[in-house]
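Q: Hey, got a minute to go through a model with me? I'd like to start with a helix pair and then move on to the domains.

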Amino acid sequence: MLLLAMDTATPAVTVALHDGDSVVAASSQVDARRHGELLLPAVDRVLKEAGLKLDAVTGIVVGVGPGPYTGLRVGLVTAASFSSALGVPVHGLCTLDGLAYASGIEEPFAVATDARRKEVYWARYADARTRVTDAAVDRPAEIAGQLAGLPVVGAGARLYPEAFPDARDPEHQSAAALAALAAERLAAGGGGFLDPRPMYLRRPDAQVPKNYKVVTPK
């Protein structure tokens, strides 16, 4: 097994290789505006570090969000392209699950990432491997009561400390954790994966103007 994992649903452009037992190589850069520019060089970097070529990969793991439209689709399109070129499967995972797994917390907690517009993407967990709610997007003040007393992992907790006073690491997504979670699920029989389709949870920021006029030649 050699899994190539990637996630661009958050400001972190993160890539990792996992051989089924451990992480072979990993790269992460936090830059919310350069997902498309940074992802492929990161893939090249981890392959070189591992001394492997792309054709050694047996499966792709990709974070499906939730995340902002532009960044999220970079990782998903790249994962689909590699899958098609190599003839290997793509395993989709909720981005929040990767952060939860990386936390190692074994008590009830939540994960919150920055959704912009003064909102967070979030979900609750029974432990690091078990999500108990669907991912959602809300304003921090609207969910502070639901999450009162719980640790909250992720950048969303650090952005809104008044709503989430017990912020925990990690702050940013890690493809290494996402790959390790995928390897664990594959070893257990391959359940728990999502279709590699974007989980937006809301409409993209770009919209066609309401009074848009189509101009065609006569």
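A: Sure! Keep in mind that this is a predicted model. In the helix pair, Asp97, Gly98, Tyr101 and Ala102 of α3 are in contact with Ala177, Leu178, Ala180, Leu181, Glu184 and Arg185 of α6.

Q: Nice, and what's the mix by class in the contact of α3 with α6?

A: There are six nonpolar residues, three charged ones and one polar one.

Q: At what angle do the axes of α3 and α6 cross?

A: Roughly 90°, with the axes coming within 8 Å. Angles of 65 to 115 degrees count as roughly perpendicular, so that is how α3 sits relative to α6. For reference, α3 covers residues 95-103 and α6 covers residues 175-187.

Q: OK, switching to domains. How is the chain divided?

A: Into two pieces: domain 1 takes 3-96 + 172-188, and domain 2 takes 106-168. Their C-alpha centres are 24 Å apart. Nine residues from domain 1 and 10 residues from domain 2 make up the contact.

Q: How much area is buried between domain 1 and domain 2?

A: About 910 Å², and carbon and sulfur atoms give 62% of that.

Q: And which residues in domain 1 lose the most area to domain 2?

A: Those are Pro66, Pro68 and Leu96, which together account for 55% of what the domain 1 side buries.

Q: How many salt bridges are there across that interface?

A: One is found between domain 1 and domain 2. As for a specific pair, the side chains of Glu184 and Arg129 form a salt bridge, 2.6 Å from N to O. Glu184 also turns up among the α6 residues that meet α3.

Technical notes
Residues are numbered from 1 along each chain as its sequence is written. This is a predicted model: local features need pLDDT of at least 70, side-chain atom pairs count only at pLDDT 80 or more; totals for chains, interfaces and linings use all residues. Side-chain values use heavy atoms; hydrogens and water are left out. Axes are lines fitted to C-alpha atoms, for helices over the stretch in contact, and angles run from 0 to 180 degrees between N-to-C directions. Helices (H or I, at least four residues) and strands (E, at least two) are DSSP runs, numbered from the N terminus. Angles under 35 degrees count as roughly parallel, over 145 as roughly antiparallel, 65 to 115 as roughly perpendicular and the rest as oblique. Contact means heavy atoms within 4.5 Å. Ala, Val, Leu, Ile, Met, Phe, Trp, Tyr, Cys and Pro count as nonpolar, Asp, Glu, Lys and Arg as charged, and the others, Gly among them, as polar. Domain bounds come from an automatic or database domain assignment. Buried area is the accessible area (1.4 Å probe) that two parts lose on being put together, summed over both. A salt bridge is a side-chain nitrogen of Lys or Arg within 4 Å of a carboxyl oxygen of Asp or Glu.
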